[in-house]
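Welcome! Take a moment to turn the structure around on your screen before reading on. Then let's walk through it together.

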Amino acid sequence: MDLKRVVVTGLGAVTPIGNSVPEFWSNAVAGVSGAAPITNYDTARILTKVTFGCEVKGFDVSQYMDRKESRKVDKYGHFAIASAVQAIRDSGMDLENEDLNRIGVVMGFGMGGIESFEEGIDTIHDQKLNGQELKVTPFFVPRIIGSIASGLISIMYKLKGPNYCTSSACASSTHAIIDAINLIRLGRANAIVTGGAEAALTDSGVCGFSVMHALSTRNDSPETASRPMSASRDGFVMGEGGGALVLEEYEHAKARGARIYAEVAGWGATADAYHMTAPEPEGEGAIRVMKEALDDAGMSPEDIDYINMHGTSTPLGDIAECKAIQSVFGQHAYEMNLSSTKSMTGHLLGGAGAIEAVASIMAVSTDTIPPTINHEDGDNDENIDYSLNFTFNKAQKRTVRAALSNTFGFGGHNSCIIFKKYTSD
């Protein structure tokens, strides 16, 4: 069957390096680190090995929803709603004149309302110790369920098309975007608000990843802790925030004169089927997912100018991804740009794919490659080929015809999307 073309007409972002797309992109291009000591809880009292992360700073939820209503929603939901509101505003879509039955919301999450879950469990624990009747806020359940994000956005705008959330660890929001692409391609919707969010910078969230030895322990220098592709990398830095896209069927966008950032070219989704938390060492699943995306797009490896790497700054993950890129792209791997924006934002877990999709789209739209920061001369891993252009420390200008965004998650979930420059008929 003939599939519909899908274009990007709106973007939104709430990140550790900026609470709007212009601010996020400006700081990403400038190589600004979002890492700093954690303020969300008392790390000295908790006595955790990791005392820093990439928190969202200066965020005011009242810009996006009524403050009284916001108390019923976890921080995860705040980030999802804010990024979606931005994207819808940015799209210029007049919802009063749209068929709202044909506009949906598909968002991704990894851990959902973990802060609200902690608060509820603490309350119940204290009540048990004091022999009291157990009672939590009546909003406890809707605050903790990850699927609430798409529902809240739908309710806010009366969007009655497909509405759900995806959860596949760090690949969650990329899978959400893929589902949104397919719904539009198949003619089941005119537009989808999609992306993802996460707010797991809590004591249990940080503790959980810390005891797995997944996090950097560079407490003395948080801003330099996320250092993908460097030999001295010692784990990822947790981040929080959200990202959103308005995806639209091309003819629908064209008819209303929408500004188009980029076009969706193709996507891939595979599984490692290897290990609960470790990547397949040779990047076998990552190889297949990038090949799937290229096949779906009808592109050759030489058509890609930039890869936004998953690039978490973990000892095993970076190596496996580099091997996969070299396997898929061959000689062309040395002619394109690679970078990891996680070096600046940290790892947004379930929200990573969304904000990195925004970065990839902006790279295509502005012909600018954001850098991989924190690499020092000579800090080279013998298992990584430094003839590859990782765009270390400084942004680079080049024509970006197409960008591929990789996201891989615990459980062996692999997903990627290719965005290309929009050209009219």
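This report looks at one helix, then at pockets, salt bridges and cavities. Please keep in mind that the model is predicted.

## Helix α4

Let's start with helix α4, which covers residues 75-91 and so has 17 residues. From its first C-alpha to its last, α4 reaches 24 Å, close to the 24 Å expected at 1.5 Å a residue. How much of α4 is buried? Of its 17 residues, 14 are buried, so the helix is largely enclosed by the rest of the structure.

Now look at the two ends. At the N-terminal end, D74 acts as a cap on α4: one of its side-chain oxygens lies 2.8 Å from the backbone nitrogen of Y76. Just after α4 comes G92, which takes a positive phi of about 70°. While you are tracing the helix, here is a handy general rule: an α-helix has 3.6 residues a turn, so residues three or four places apart point the same way.

## The largest pocket

Next, find the largest pocket, which holds about 560 Å³ of space. Its lining is made of 36 residues, and those nearest its centre are T277, A278, P279, T314 and F410. Four elements give two or more residues to this lining: the helices α11 (284-297) and α12 (315-329), and the strands β13 (402-409) and β14 (413-420). Which element gives the largest share of the lining of the largest pocket? The answer is α12, with six residues.

What kinds of residues line the largest pocket? By class, there are 16 polar, 14 nonpolar and six charged residues.

## The second largest pocket

The second largest pocket contains about 310 Å³ of space. It is lined by 18 residues, with F59, V61, K75, H78 and E115 nearest its centre. Here we meet a helix we already know: α3 (67-70) and α4 are the elements that give two or more residues to this lining. The largest share, three residues, comes from α4.

Sorted by class, the lining of the second largest pocket has nine charged, five nonpolar and four polar residues.

## Salt bridges

Time to look at charges. In general, side chains of opposite charge can pair when their charged atoms come close. Across the whole structure, a search finds 18 salt bridges.

One of them joins the side chains of E119 and R143, at 3.8 Å from N to O. E119 sits in helix α5 (residues 114-129) and R143 in helix α6 (residues 140-144), so this pair ties together parts that are 24 residues apart in sequence. Are these two residues buried or exposed? E119 is partly exposed, with a relative accessible area of 40%, whereas R143, at 16%, counts as buried.

Another salt bridge brings together D379 and R227, at 3.5 Å from N to O. This pair links distant parts of the chain, 152 residues apart: D379 is in the loop between β11 (368-369) and β12 (396-397), and R227 is in the loop between α9 (203-211) and β7 (241-249). D379 is buried, with a relative accessible area of 12%, and R227 is buried too, with 4%. There is also a network of salt bridges here, linking R227, E376 and D379.

In a further salt bridge, K421 pairs with D367, and their closest N and O atoms are 2.9 Å apart. K421 lies in the segment after β14, while D367 lies in the loop between α14 (352-366) and β11, so far along the chain that the two are 54 residues apart. K421 is partly exposed at 27% relative accessibility, and D367 is partly exposed with a relative accessible area of 22%.

## Cavities

Finally, let's look inside. How many cavities of 30 Å³ or more does a search of the whole structure find? There are two. The largest cavity has a volume of about 40 Å³, and its lining consists of I88, S91, M93, L95, I103, L159, V193 and V246. By class, seven of these are nonpolar, one is polar and none is charged.

The second largest cavity has a volume of about 30 Å³. It is lined by 14 residues, and the closest to its centre are S33, A35, P222, S226 and S343. This lining divides into six nonpolar, six polar and two charged residues.

Terms used
Residues are numbered from 1 along each chain as its sequence is written. This is a predicted model: local features need pLDDT of at least 70, side-chain atom pairs count only at pLDDT 80 or more; totals for chains, interfaces and linings use all residues. Side-chain values use heavy atoms; hydrogens and water are left out. The expected span of a helix is 1.5 Å times one less than its number of residues. Buried means under 20% relative accessible area, exposed over 50%, partly exposed in between (1.4 Å probe, protein chains only). A polar contact is a pair of N or O atoms within 3.5 Å; within protein, one must be able to donate a hydrogen and the other to accept it, and residues adjacent in sequence count only if both atoms are side-chain atoms. On a 1 Å grid over the protein atoms alone, a cavity is a set of points where a 1.4 Å probe fits but cannot get out, and a pocket is an open set with protein on both sides within 12 Å along at least five of seven lines; lining residues have an atom within 4 Å of a point. Grid points are joined across faces, edges and corners, and a volume is the space filled by probe spheres set on the points. Ala, Val, Leu, Ile, Met, Phe, Trp, Tyr, Cys and Pro count as nonpolar, Asp, Glu, Lys and Arg as charged, and the others, Gly among them, as polar. A salt bridge is a side-chain nitrogen of Lys or Arg within 4 Å of a carboxyl oxygen of Asp or Glu.
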